[in-house]
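User: I am new to this structure and would like a close look at one part of it. Please take a single residue as the starting point, then work outwards to the rest.

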Amino acid sequence: MAHQFSLPPLPYAYDALEPIISKQIMQLHHQKHHQTYITNLNAALAAQEQAHASADIDIRHLITLQQKIKFHGGGHINHSLFWKNLAPYGSADTDLSRAAPTLKAAIETQWGDVRAFMDAFAATLLGLQGSGWGWLCRGSDGRLEIVQTKDQDPVVDKVPVLGVDMWEHAYYLQVLFPSLLFDDCG
């Protein structure tokens, strides 16, 4: 039997990110969108297992299932990371100096200061054509870099540090201001 994935709980209440992200968006994004990726991933994995068990090795069918596994599996992976990147506005976790001093130092080394990083990050994310994700990643050389992934493609050759969902479902009911990513940029 194929492994069954399940919706991970949020590490905060649905209304904890207000006024930046509303309770309504968080519930819709987590309970509906993320759950749909999981439901469809589980279905694709079960269909793949059934095809192999029945020796139904139609290559076109298997390729279609692999595409579904990649898309919905990526959606599950990306969202599972995304929820951990968020914290209630004004909490200690949004103060980069206290919550992640090593990361802050690496950002300052690479971009000069946090504001310059945020500007570069926003420019890269806003340059994404269509739907996808923006990521701050650590490469194999240890350096930070800003990357985009299309659709629900997960980051596979780097370590994701911070991810931002750039699909409209994340924000379409409300405007998110990139300058509010961190309370204290200093």
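In which helix is S80 found? Please describe its surroundings, and then the sheet, the helices beside it and the salt bridges.

Analyst: A word first on the source: this is a predicted model. S80 is found in helix α2, which covers residues 59-85.

Start with burial. S80 has a relative accessible area of 18%. The cut-off for buried is under 20%, so S80 counts as buried. Now look at its side chain. A polar atom there lies 2.8 Å from the backbone oxygen of H76. Next come the contacts from further along the chain. Once neighbours within four places in sequence are set aside, S80 touches P8 and H34.

Step back to the whole chain. The protein chain has 186 residues, and 38% of them count as buried. S80 is one of the buried residues. The chain holds 5 helices and 3 strands. Read along the sequence, they follow the pattern α-α-α-α-α-β-β-β. Contacts also reach along the sequence. Take those between residues at least 6 apart: 65% join residues at least 24 apart.

Move on from α2 along the chain. D93 sits in the loop between α2 and α3, the latter being residues 96-99. Is D93 buried or exposed? Its relative accessibility is 57%. The cut-off for exposed is over 50%, so D93 counts as exposed. D93 still has contacts. With neighbours within four places left aside, D93 meets A87 and A99.

Next come α4 and α5. Helix α5 spans residues 114-126, and α4 packs against α5 at about 75°. Their axes are 8 Å apart. That angle makes α4 roughly perpendicular to α5. Both helices supply residues to the contact. From α4 come K104, I107, E108 and W111. From α5 come V114, A116, F117 and A120.

Helix α4, residues 101-111, also leads to the sheet. It lies across β1, β2 and β3. Its direction is at about 95° to β2.

Now the sheet itself. Strands of a sheet pair through backbone hydrogen bonds, either parallel or antiparallel. Here 3 strands form an open sheet, and the pairing is antiparallel. The order across the sheet is β2-β1-β3. The edge strands are β2 (144-150) and β3 (159-165), each pairing on one side only. From one strand to the next, the twist averages 25°. Look closer at β1 and β3. Strand β1 covers residues 132-138, and 6 bridges join it to β3. The two run antiparallel. In one of these pairings, C137 has P160 in β3 as its bridge partner.

Last, the charged pairs. Side chains of opposite charge can pair when their charged atoms come close. How many salt bridges does a search of the whole structure find? The search finds 6.

One of them involves D58 and R60, with the closest N and O atoms 3.6 Å apart. D58 counts as partly exposed, at 30% relative accessibility. R60 is exposed, with a relative accessible area of 62%.

Another involves E145 and K158. Here the closest N and O atoms are 3.9 Å apart. E145 lies in strand β2, while K158 lies in the loop between β2 and β3. The pair therefore ties together parts that are 13 residues apart in sequence. E145 is partly exposed, at 29% relative accessibility. K158 is also partly exposed, at 22%.

K158 has a further partner. D157 forms a salt bridge with K158, and the closest N and O atoms are 3.4 Å apart. D157 counts as exposed, at 56% relative accessibility. Salt bridges with shared partners thus join E145, D157 and K158 into one network.

To return to the start: S80 is a buried residue of helix α2, in contact with P8 and H34.

Methods: Residues are numbered from 1 along each chain as its sequence is written. This is a predicted model: local features need pLDDT of at least 70, side-chain atom pairs count only at pLDDT 80 or more; totals for chains, interfaces and linings use all residues. Side-chain values use heavy atoms; hydrogens and water are left out. Helices (H or I, at least four residues) and strands (E, at least two) are DSSP runs, numbered from the N terminus. Buried means under 20% relative accessible area, exposed over 50%, partly exposed in between (1.4 Å probe, protein chains only). A polar contact is a pair of N or O atoms within 3.5 Å; within protein, one must be able to donate a hydrogen and the other to accept it, and residues adjacent in sequence count only if both atoms are side-chain atoms. Contact means heavy atoms within 4.5 Å. Two strands pair if DSSP finds at least two bridges between them. Axes are lines fitted to C-alpha atoms, for helices over the stretch in contact, and angles run from 0 to 180 degrees between N-to-C directions. A salt bridge is a side-chain nitrogen of Lys or Arg within 4 Å of a carboxyl oxygen of Asp or Glu. Angles under 35 degrees count as roughly parallel, over 145 as roughly antiparallel, 65 to 115 as roughly perpendicular and the rest as oblique.
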